[in-house]
Structures are given as structure tokens and as C-alpha cells.
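These are my notebook entries on a single chain. I record what I looked up, in the order in which I looked it up.

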Amino acid sequence: MSLIATIFLLVFITEFVSWIGQSFLLELAYALYLRIFYAGTLSRQKKLKSEILLDKKELLQTSAQDEFAKWVKRKRSVDKGLGDLEKLNSELSSVRTSFSLKFNSAIWFLTAGVQFIVGWWYRKSAVFYLPPGWFGPLSWWLAFPFAPAGSVSCGVWQMACRRVIKIGERVVKDLAEPVPVPSERKVKVE
């Protein structure tokens, strides 16, 4: 793939992740991760919740004064279930924290990190050359910082791609918005 397309694709992916939202992607990936690697824990948590609700229902239907032994047995069962559920929830919470850290690091690397690496690696390369005299004395800025004179550098090309993608995003959002219908005025007939 050419350098011009690679940089555009990297910037597009970064803006796409920004547009969708990193937290939304995190929730999607985390749900998938749990279903693949922690399916047993999730099913155990669901089963435990339903057992606790059933035990609580039976506990509420049991009179503490009339059937004390039965009530204590159910109360202990509910308390034990709540303790087990708390352990499962804390385990899943630590899994989520760990996954979140790894996922956010991976997203950062795939967006900003790769852009930085590509920009650094090709810092002295020209993305493309401009015809001489098109931008006059400003042509040095397009080659900033290290690209040959008369060319466009990676950094400037990244900025231009980002700007064009943002404008495209704005246009798509404007086109997707429903057009407000003017309200009908009530005419008073006398």
C-alpha cells in the first residue's frame, strides 16, 4: 500500500474510533470477551442471582415468629448466596479493570501510536510532490519538518486527511438529521 493511502487509512480509523466512541467499543469488546473466556462465571453468576431471588421470595413468605427454624435456614441461605455473589462480582470487576486497561492501550497504539510511528519512520520522505510555484513561499511549510522542498510531509498530510474526514463527518451528520417541518399556523376565521 502506498504511503499516501496508508496515512489516510490510519487517520480514518482514528477518526472512526473517535466518532463511534472508545467507551462503546470497550463495552462491545468486553461483552464478547466475557462470553468467550468467562462463560462459566457468567452462567454461575446468573444462576446464583436467580437462586438468591427465589430464596428471598421464600424468606419473605416465611413468618419469623411462627417458623423460626425455617426462617433462619432461609436467611442463612440468602446471606451465603449474597456473599458468593459478591465474590463473583469482585472477580468480574477486577477482570473488567484489567481488560479495560489492555483494551485502551491497544486502541491507543492502533490509532495514535501507529500514526506516530509511521510519521517518525517516514519523516524525511515525501508523501507526494507539488508542481513548482503552486504555493510560493508557503511550500516550505508543506514539507515541514524534514521532507524535501516542494513536497508534502507525513505530518502535513495527516493534518489534511484529518481535516477532510472531519468535514466529511460533519456533512454526513447534517444530511442524516431530519429536516424540521414548519408548524402550521392556526388562522382565526371571524
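**Entry 1: helix H4.** I began with the length of H4 in this predicted model. H4 has 54 residues, and at 1.5 Å a residue these should span 80 Å. I find its end C-alpha atoms 76 Å apart, which agrees with that expectation. I then looked for a bend, and H4 turns by about 40° at Phe-109.

**Entry 2: Thr-111.** I next looked up Thr-111, whose place is in H4, the helix of residues 68-121. Is Thr-111 buried or exposed? Its relative accessibility is 9%, and the cut-off for buried is under 20%, so Thr-111 counts as buried. A polar atom of the Thr-111 side chain lies 2.7 Å from the backbone oxygen of Ile-107. With neighbours within four places in sequence set aside, I find Thr-111 in contact with Thr-14 and Val-17.

**Entry 3: annotated segments.** I turned to the UniProt record, an unreviewed entry, where the annotation "transmembrane region" covers residues 103-122 and 142-160. I checked each range against the model. Residues 103-122 are 95% helix and 0% strand, and the C-alpha atoms at the ends are 27 Å apart. For residues 142-160 I note 42% helix and 11% strand, with the end C-alpha atoms 10 Å apart.

**Entry 4: the loop at Pro-145.** I looked up the peptide bonds with the general expectation in mind. Most peptide bonds are trans. The bond from Phe-144 to Pro-145 is cis, with omega near 0°. I place Pro-145 in the loop between helix H5 (139-142) and strand E2 (151-152).

**Entry 5: nonpolar cores.** Which residues have the most contacts inside the largest nonpolar core? That core has 15 residues, and I list Leu-3, Ile-7, Val-118, Val-127, Val-152 and Trp-157 as those with the most contacts inside it. Helix H1 (3-20), H4 and helix H6 (154-176) are the elements that give two or more residues to this core. H6 gives the most, with 5 residues. Apart from this core lies another, of 10 residues, among them Ala-29, Val-95, Phe-103 and Ile-107. I then followed Val-118: leaving aside neighbours within four places in sequence, Val-118 is in contact with Leu-3, Ile-7 and Leu-10.

**Entry 6: Met-159.** I located Met-159 in helix H6. Its relative accessible area is 45%, so I enter Met-159 as partly exposed. Met-159 and Phe-8 are 151 residues apart along the chain, and I find their C-alpha atoms separated by 9.9 Å.

**Entry 7: Gly-21.** I looked up Gly-21 in the loop between H1 and helix H2 (22-37). With a relative accessible area of 16%, Gly-21 is buried. I also took the C-alpha separation from Gly-21 to Arg-35: it is 22 Å, for 14 residues along the chain.

**Entry 8: helix H3.** I examined two residues of this helix, beginning with Leu-53, which lies in H3 (residues 39-61). Leu-53 has a relative accessible area of 59%, so I enter it as exposed. The C-alpha atoms of Leu-53 and Val-78 are separated by 8.4 Å, and the two residues are 25 residues apart along the chain. Gln-45 is also found in helix H3, and is buried, with a relative accessible area of 12%. Which residues does Gln-45 touch, not counting residues up to four places away in sequence? I list Leu-85, Leu-88, Asn-89 and Leu-92.

Technical notes: Residues numbered from 1 in each chain as written. Predicted model: local features only at pLDDT ≥ 70, side-chain atom pairs only at ≥ 80, totals over all residues. Heavy atoms only, no water. Helix = DSSP H or I, 4+ residues; strand = E, 2+ residues; numbered from the N terminus. Buried < 20%, exposed > 50% of the residue type's maximum accessible area, 1.4 Å probe, protein only. Polar contact = N/O pair within 3.5 Å; in protein donor to acceptor, adjacent residues only side chain to side chain. Contact = heavy atoms within 4.5 Å. UniProt positions renumbered as here; feature names shortened; annotations may be inferred. Expected span 1.5 Å × (residues − 1). Bend = angle between axes of the 7 residues up to and from the residue. Core = buried A, V, L, I, M, F, W, Y, C linked by side-chain atoms within 4.5 Å.
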